[in-house]
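These are my notebook entries from a reading of one structure. I record what I looked up and what I found.

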Amino acid sequence: MVSQPILVILMGPPGAGKGTQAKRLAAELGLPHVASGDIFREHVKRGTELGRKAQPYMDRGELVPDDITIAMIIERLSRPDCERGALLDGFPRTVPQAQALDERLAEINWCISAVPYIRVSEPVLLRRLSGRRICRNCGAVYHIEFRPPARPGVCDVCGGPLYQRPDDSLETARRRLQVYFEQTAPVLAYYENQGLLVEIDGEQGIEEVYATLRDSVISMMQVPA
Ligand code: AP5
């Protein structure tokens with residue numbers, strides 16, 4: 001019997017902890033972690049044409065246009081490492097992106113397994129975003145209060161220098177949250193109407209969020225379509 005690919009879509013506002021949780025969950029499920037923001041940042045770093053198009057939107061805390069984003073993710077999902085499925089983080093973020101994904105999934109005969117949504121209140125999100133630090137070498141994510149490195153400014157994993165994402169400044173983080181509530185919140189209703197959305201309390205500690213998330217996703221994967 002050929003098993004169905006697994007497609008998990010992790011949703012939540014900027015700073016909810018999607019990246020923190022997605023890396024671990026993807027590893028446990030044996031799926032590639034497909035994070036639209038990471039792919040864009042990689043293009044910006046390499047100075048590609050896609051990166052040059054995306055950067056002004058990212059710097060302003062706004063969404064990259066749908067046509068660019070949809071083409072990028074559909075291409076990524078067609079690579080061989082996604083044959084068994086993927087964990088999507090940061091996509092879809094608009095209703096047209098969700099619809100385009102559905103059209104593509106219908107073509108390749110895939111179903112969405114679960115859409116966990118990490119809920120966190122706005123003041124906590126702003127605190128998480130402004131305190132986040134990332135390793136320039138290996139991408140490990142820290143927080144100056146909630147997940148501090150052993151030595152300030154130095155990565156525990158590889159010893160690389162930590163930096164602050166330019167879009168984590170308070171002003172840009174506020175804009176990102178506004179954009180989220182205007183353009184991404186309607187995607188939650190889109191998946192709720194399909195019976196796929198499961199809400200996770202994201203204000204627990206990192207380990208508690210992971211345990212709740214993992215259990216919810218695994219139980220959704222076992223529900224026959
Ligand atoms: P993207 O990179 O996707 O950013 P985001 O959604 O804004 O999410 P973040 O990466 O900021 O937060 P996260 O939820 O992953 O939180 P994290 O785990 O790091 O997008 C960036 C930009 O790219 C967008 O603004 C847009 O321009 C563009 N883009 C991307 N996708 C797009 C799309 N589909 N369409 C159009 N444009 C797109 O955690 C945050 C901090 O909190 C960390 O410091 C962490 O250590 C800490 N933390 C995590 N969990 C906890 C916890 N439980 N308790 C305490 N601290 C915690």
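Entry 1. Strand β4

Does P116 count as buried or exposed? I looked up its relative accessibility, found 0%, and therefore entered P116 as buried. I note at the outset that the model is a predicted one. P116 lies in strand β4. I then listed its neighbours, leaving aside residues up to four places away in sequence: P116 touches V8, I9, L10 and M11, and also V198, I200, L213 and V217. I also looked up the separation between P116 and T69, which stand 47 residues apart along the chain, and their C-alpha atoms are separated by 21 Å.

Entry 2. T69 in helix α4

I turned next to T69, which lies in helix α4, residues 66-77. T69 has a relative accessible area of 4% and is therefore buried, the cut-off being under 20%. Which backbone atom does the side chain of T69 reach? I found the backbone oxygen of P65, at 3.0 Å. With residues up to four places away in sequence not counted, T69 touches F40, V64, F91 and Q97. Two of these names, F40 and F91, led me to the entries that follow.

Entry 3. Helices α2 and α4

F40 belongs to the α2 side of a contact with α4, so I looked up this helix pair. The axes of α2 and α4 come within 11 Å and cross at roughly 100 degrees. That angle falls in the range of 65 to 115 degrees, and α2 is therefore roughly perpendicular to α4. From α2 the contact takes S36, I39 and F40, and from α4 it takes I68, T69, M72, I73 and R76. By class I entered five nonpolar residues, two polar and one charged.

Entry 4. Helices α2 and α3

I then followed α2 to its contact with α3. The axes of α2 and α3 come within 8 Å and cross at roughly 115 degrees. I entered this crossing as left-handed. On the α2 side the contact is made by G37, F40, R41, H43 and V44, and on the α3 side by L50, G51, A54, Q55 and M58. These residues divide into five nonpolar, four polar and one charged. F40 is thus listed in the contact of α2 with α3 and in that of α2 with α4.

Entry 5. T48, in the loop between α2 and α3

Where is T48 found? I located T48 in the loop between α2 (36-46) and α3 (49-60). Its relative accessible area is 18%, which is under 20%, and T48 therefore counts as buried. The side chain of T48 reaches the backbone nitrogen of G51 at 3.0 Å. G51 is also one of the α3 residues in the contact with α2.

Entry 6. The peptide bond before P92

F91, a contact of T69, is joined to P92 by a cis peptide bond. I read omega there as about 0 degrees. P92 has its place in the loop between β3 (85-89) and α5 (95-108).

Entry 7. E107 and N109

I continued to α5 and the loop that follows. E107 is in helix α5. Is E107 buried or exposed? I found a relative accessible area of 59%, which is over 50%, and E107 is therefore exposed. A polar contact of 2.8 Å joins the side chains of E107 and R104.

N109 lies in the loop between α5 and β4 (115-119). What is the phi of N109? I entered a positive value of about 65 degrees, although N109 is not a glycine. N109 is exposed, with a relative accessible area of 57%.

Entry 8. Helices α6 and α7

My last look-up concerned helix α6 (residues 122-131) and helix α7 (residues 170-192). Their axes come within 10 Å and cross at roughly 135 degrees. I therefore entered α6 and α7 as oblique to each other. The crossing in which α6 passes α7 is right-handed. Helix α6 contributes E122, L125, L126 and L129 to the contact, and helix α7 contributes L170, A173, R174, R176, L177 and F181. How many residues of each class does this contact have? I entered seven nonpolar, no polar and three charged residues.

Methods:
Residues numbered from 1 in each chain as written. Predicted model: local features only at pLDDT ≥ 70, side-chain atom pairs only at ≥ 80, totals over all residues. Heavy atoms only, no water. Axes fitted to C-alpha atoms, helices over the stretch in contact; angles between N-to-C directions. Helix = DSSP H or I, 4+ residues; strand = E, 2+ residues; numbered from the N terminus. Parallel < 35°, antiparallel > 145°, perpendicular 65-115°, else oblique. Left-handed = near helix turned anticlockwise from the far one by under 90°. Contact = heavy atoms within 4.5 Å. Nonpolar A, V, L, I, M, F, W, Y, C, P; charged D, E, K, R; others polar. Buried < 20%, exposed > 50% of the residue type's maximum accessible area, 1.4 Å probe, protein only. Polar contact = N/O pair within 3.5 Å; in protein donor to acceptor, adjacent residues only side chain to side chain.
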